[in-house]
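Grab a viewer and work through these two exercises with the structure open. Each one comes with a worked solution.

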Amino acid sequence: MQLTLKVWRQKNGNAQGRFEHHNIEAEEHMSFLEMLDVLNEKLISEKKEPVAFEHDCREGICGACSMVINGRPHGPQTGTTTCQLHMRAYKSGDTITIEPFRANSFPVIKDLVVDRSSFDRIIQAGGYISVNTGQAPDGNTIPVEKDQASDAFDSATCIGCGACVAACPNGSAMLFTSAKVNHLEQLPQGKVEHNRRVKDMVKQMDKEGFGKCSNVGACSVECPKEISVENIAALNRHYLSSVFVKK
Amino acid sequence: MSLTGLFLISFLIVHLLGNLQLLIPDGGKAFNIYAHFMSTNIVIKFISIGLYVGILLHAIQGIIIVLDNRKAKGSKYAVNTYENGNWLSKNMALLGTFILFFLCVHMGDFWYKVKFTDTLDLITYPDIDYQVKDIYQRVSMAFGNVWIVVIYIVGLIALALHLIHGFQSAFTTLGLQHPKYTPAINVIGILFSVGISLLYALIPLYMYFAKLSNY
């Protein structure tokens, strides 16, 4: 299949970016990243700078592949990361626009690579539990109801890719932060430090300069792990109670 | 934002109930007596100050959030799709500004003229012993003008759109979401938004056509 790629090129964070046009030949069984590999091999053979993009596991669980494809983070398919998007979703002759995630808290490092360390700092502010929970068998010493465990797992499936921030017209990180808070809140091991965690993570989120949530809901639509906006409502609820009710 | 929004929604209900009296075919007696009570009662005066503060706060919070969020988003995408959020939720500020503009027209037309000018006739009714301003006459005159009616209809469409997102959004912001009740809240929100705007729109439309049929 013949494709026209409109790829964002930017030397570094301070440089002015621009779109570059490339015509390439891809095959429909390729993943989107393999298609970009083809582009880069072509660029290297032409002695040109390859397009920088992030990738790691290429099996949809690491959250490294961050790019906006035709206006949608991780491309057109719901519940799919860029690496799991395959070229059969496109037709020969298509023009595909590829941009980096855009938000002030995700500054571009190069081309399609953005700095998402603001997410790491939100996790460092409280996205953990302070005690050693031991090995896997020790996890079973505290019984957790199946429904509760499933709900916690739904929130825990967040891979921290940042598509929520990329999709949000406000550049808000509420879906990510709320998923991380709720994942731990719903388990007995995480509940202990809950109030402190909510306050600290929200504080760090604001400090990083993320926008304010206006309940647009684009985050959840674009989330490759389909994290629900119910997490956001729960975070609001926990935040209000940790500020006004709990000591 | 959510608290001031819900407060303003509660005002919309009270304001509508009072103003539906314009539709009582008694030459405006019930409405004029009600309006006299509303403009002289001390408790209502305090509530109305709360209302003005509520409107201002809601607008100021809105402006701050829009400016903050613009800064947080930085640059925009070359391609935008519907999935990036529907038009309503992304244009609350635009709709809000429009509603504020409409409010200025609305208050300039009635509130200002009633409170600060002597252009209204005083009227007495046989069964009450005080004079009241004939606000009904003023409203009826305004809604005899087709352009004023059009402005009201457009303003109310903006209100309905603003509320469709605002109503359910306020509940999410306050953390009031539950798989059992949220679908109901969403449906009630849409019905309320459209319903209250339709009932408001009924007043200028009814008065315009009632006047038209009198000629």
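**Exercise 1: the sheet**

In this predicted model, chain A has an open sheet of five strands with mixed pairing, in the order S2-S1-S5-S3-S4. Work out which strands sit at the edges, then go through the pairings of S5(A) and S4(A) and find a residue pair for each.

*Solution.*

1. Start with the ends: strand S2 (18-25) and strand S4 (72-73) of chain A are the edge strands, as each pairs on one side only.
2. Next, take strand S1 (residues 2-9) of chain A, which runs parallel to S5(A) over four bridges. Look for A:Lys6 here; its bridge partner in S5(A) is A:Thr97.
3. Now for S3(A), which pairs with S5(A) in the antiparallel sense, over two bridges. Here A:Val68 has A:Glu99 of S5(A) as its bridge partner.
4. Finish with strand S3 (residues 68-69) of chain A and S4(A), an antiparallel pair with two bridges. A:Ile69 is the residue facing A:Arg72 in S4(A).

**Exercise 2: the contact between the chains**

How many residues does each chain bring to the contact, and which element gives the largest share of the chain A side?

*Solution.*

1. Count by chain, with C-beta atoms within 7 Å as the cut-off: chain A brings 33 residues and chain B brings 25 residues.
2. Sort the chain A side by element: strand S5 (95-99), helix H9 (218-222) and helix H10 (230-244) each supply at least two residues. H10(A) has the largest share, with seven residues.
3. Sort that side by residue class: 13 are nonpolar, 13 polar and seven charged.

Conventions: Residues are numbered from 1 along each chain as its sequence is written. Chains are lettered from A and ligands numbered from 1 in the order in which they are written. This is a predicted model: local features need pLDDT of at least 70, side-chain atom pairs count only at pLDDT 80 or more; totals for chains, interfaces and linings use all residues. Two residues are in contact if their C-beta atoms, placed from the backbone, lie within 7 Å. Ala, Val, Leu, Ile, Met, Phe, Trp, Tyr, Cys and Pro count as nonpolar, Asp, Glu, Lys and Arg as charged, and the others, Gly among them, as polar. Two strands pair if DSSP finds at least two bridges between them.
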